[in-house]
Amino acid sequence: MNGWAPKFGHYIALLSFFLLSMAAYVHFFPLLFMDETFAIWNAKLNLLERSEDPEFVIIGDSRPMHGLIPSAFPQKTISLAIQGGSSIEGYFLLRSFLEKHRAPKKIIYSISPIRFEKAEYFWDNTVKSRQISFGDLSDILKRAENLEDWNFTTKTWPRCFPCNFAKLWGIWLGLPNFYQKNLIYGRLAMRGVENKKLISEVVDQSGFREAVVRSQKVDIPGREANRSQFRPSPLLSHYFDETLRICEERGIDVYFVFFPLNPASASSVSPSFNQKV
């Protein structure tokens, strides 16, 4: 028994050292293993630091990011649209932009109807990107608690602020269990060169990211297909309203655009969903 205790303590020490090392690696070197969305988030923030004052700013999700080419506009334009972006990401990106630049003349705002219902990539993309401050992320969770709207995203822990705040801390500190899939699919450190190249490309194209076609089937139903009800999230509605409020205060014209659905989606969306949207 006396010989077993030192060995057990040795194993615990080694395990603790390994976990702390992994947490430090995840926290300080995420660009080496995170997916392309992390790189695109970094590109948008780099764009805010480097770009001149544009006249047009594009905000939204992947559809305007892939579908609107800033260089095709006659005026200086940048795109802050982000994959899976909801009104939360749009609000904080616009706020960051206005802290560094004069107000643009126009904003083109485009997010899919489902992004008014759920910010499904909030934990995996927005929180892990760490491009929104810890304090602001905490405020988002507090507002979700006040509005009793834990349906605003997926993968929430028990629907209470302390539980989700603990999760926020765990992700922010880099606890490896929250990054298991990222580490596996990123092969620990095999995405660094690819991510740096992507950041450079997105910045050079003023925030535009060409769509990557992963299937030859281009006419497949989108996320809106077969939906019968439209139930906007109170939290997401709040940040959308806040974005419009900021634009009104700064004298910025907002053009809200819905991108057209492909035929497979359009034919399967219920009339009641369309009417409420």
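These questions and answers cover a four-stranded sheet and some helix packing in a predicted model.

Residues are numbered from 1 along each chain as its sequence is written. In this predicted model, local features need pLDDT of at least 70, side-chain atom pairs count only at pLDDT 80 or more, totals for chains, interfaces and linings use all residues, and side-chain values use heavy atoms, without hydrogens and water.

Q: In what order do the strands of the open sheet lie?
A: Strands (E, at least two residues) and helices (H or I, at least four) are DSSP runs, numbered from the N terminus. Two strands pair if DSSP finds at least two bridges between them. Pairing in this open sheet of four strands is parallel, and the order is E2-E1-E3-E4.

Q: Which are the edge strands?
A: An edge strand here pairs on one side only. That applies to strand E2 (77-79) and strand E4 (253-256).

Q: How many bridges join E1 to E3?
A: Strand E1 (residues 56-60) and strand E3 (residues 106-110) run parallel. Gly60 has Ser110 as its bridge partner in E3. The bridges joining E1 to E3 number five.

Q: What angle does the direction of H4 make with that of E1?
A: Helix H4 (residues 87-100) packs on the sheet and touches E1, E2 and E3. Contact means heavy atoms within 4.5 Å. Axes are lines fitted to C-alpha atoms, for helices over the stretch in contact, and angles run from 0 to 180 degrees between N-to-C directions. For H4 and E1 the angle is about 155°.

Q: Are H5 and H7 oblique or roughly parallel to each other?
A: The axes of helix H5 (residues 122-129) and helix H7 (residues 161-173) come within 10 Å and cross at roughly 55°. Under 35 degrees counts as roughly parallel, over 145 as roughly antiparallel, 65 to 115 as roughly perpendicular and the rest as oblique. H5 and H7 are therefore oblique.

Q: Which residues of H7 make the contact with H5?
A: On the H5 side, the contact uses Trp123, Val127 and Lys128. On the H7 side, it uses Asn164, Lys167, Leu168, Ile171 and Trp172.

Q: How is H6 oriented to H7, roughly parallel or roughly antiparallel?
A: Helix H6 (residues 134-147) and H7 pack with axes 10 Å apart. Their angle is about 160°. That makes H6 and H7 roughly antiparallel.

Q: Which residues of H6 make the contact with H7?
A: H7 contributes Phe161, Asn164, Phe165, Leu168, Trp169 and Trp172. From H6 come Phe134, Leu137, Ser138, Leu141, Lys142 and Glu145.
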